[in-house]
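Q: Please take a close look at one part of this model, the nonpolar core, and set it beside the surroundings of the ligand. I would like the cut-offs stated along the way.

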Amino acid sequence: MPLYAKVDRAACIACGRCQMLAPELFTYDTEGIASVTLDANTGTQPLTPAQAIDFKLAYTRCPTGAIERRETPFD
Ligand code: SF4
């Protein structure tokens, strides 16, 4: 099952947890707000199986639920 991901940047509180848990998947702007590096936070490129494992760690530990996931691409 493919997995697509993006960060709801309005809900991100810049805690840094996702980048610590999955450094290859998340980056930050100058204010510390996260985004998914894979597809410039558009949620249009599927994660590889290895990326999905790291992603799920970050997804479950984001304190605000800002990390979103779908089995189909985001619009
Ligand atoms: S874990 Fe959630 S709140 Fe923290 S930086 Fe990542 S997206 Fe933002």
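A: What follows goes through the core, some single residues and then the ligand site.

The model is predicted, so local features are reported only at pLDDT of at least 70 and side-chain atom pairs only at pLDDT 80 or more, while totals for chains, interfaces and linings use all residues. Residues are numbered from 1 along each chain as its sequence is written, and side-chain values use heavy atoms, with hydrogens and water left out.

The largest nonpolar core has 18 residues, and those with the most contacts inside it are Val 7, Phe 26, Leu 47, Phe 55 and Ile 67. Such a core is a set of buried Ala, Val, Leu, Ile, Met, Phe, Trp, Tyr and Cys residues joined through side-chain atoms within 4.5 Å; buried means under 20% relative accessible area, exposed over 50% and partly exposed in between, with a 1.4 Å probe and protein chains only. Two or more residues come from each of strand 1 (4-7), strand 3 (34-36) and helix 2 (49-61), and helix 2 gives the most, with 3 residues. Helices (H or I, at least four residues) and strands (E, at least two) are DSSP runs numbered from the N terminus.

Phe 55, with residues up to four places away in sequence not counted, touches Leu 3, Ala 5, Leu 25, Phe 26, Leu 47, Ile 67, Glu 68 and Arg 69, where contact means heavy atoms within 4.5 Å. Ala 52 is found in helix 2 and is buried, with a relative accessible area of 12%; leaving aside neighbours within four places in sequence, Ala 52 is in contact with Leu 3 and Leu 47. Ser 35 lies in strand 3 and is buried at 14% relative accessible area; with the neighbours within four places in sequence set aside, the contacts of Ser 35 are Val 7, Arg 9, Leu 25, Phe 26, Thr 27 and Asn 41. Thr 30, by contrast, sits in the loop between strand 2 (26-28) and strand 3 and counts as exposed, at 84% relative accessibility.

As for the ligand, 13 residues surround it, and the closest are Cys 12, Cys 15, Gly 16, Cys 18 and Cys 62; a residue is included if one of its heavy atoms lies within 4 Å of the molecule. By class, this shell has 10 nonpolar, 2 polar and 1 charged residues, where Ala, Val, Leu, Ile, Met, Phe, Trp, Tyr, Cys and Pro count as nonpolar, Asp, Glu, Lys and Arg as charged, and the others, Gly among them, as polar.
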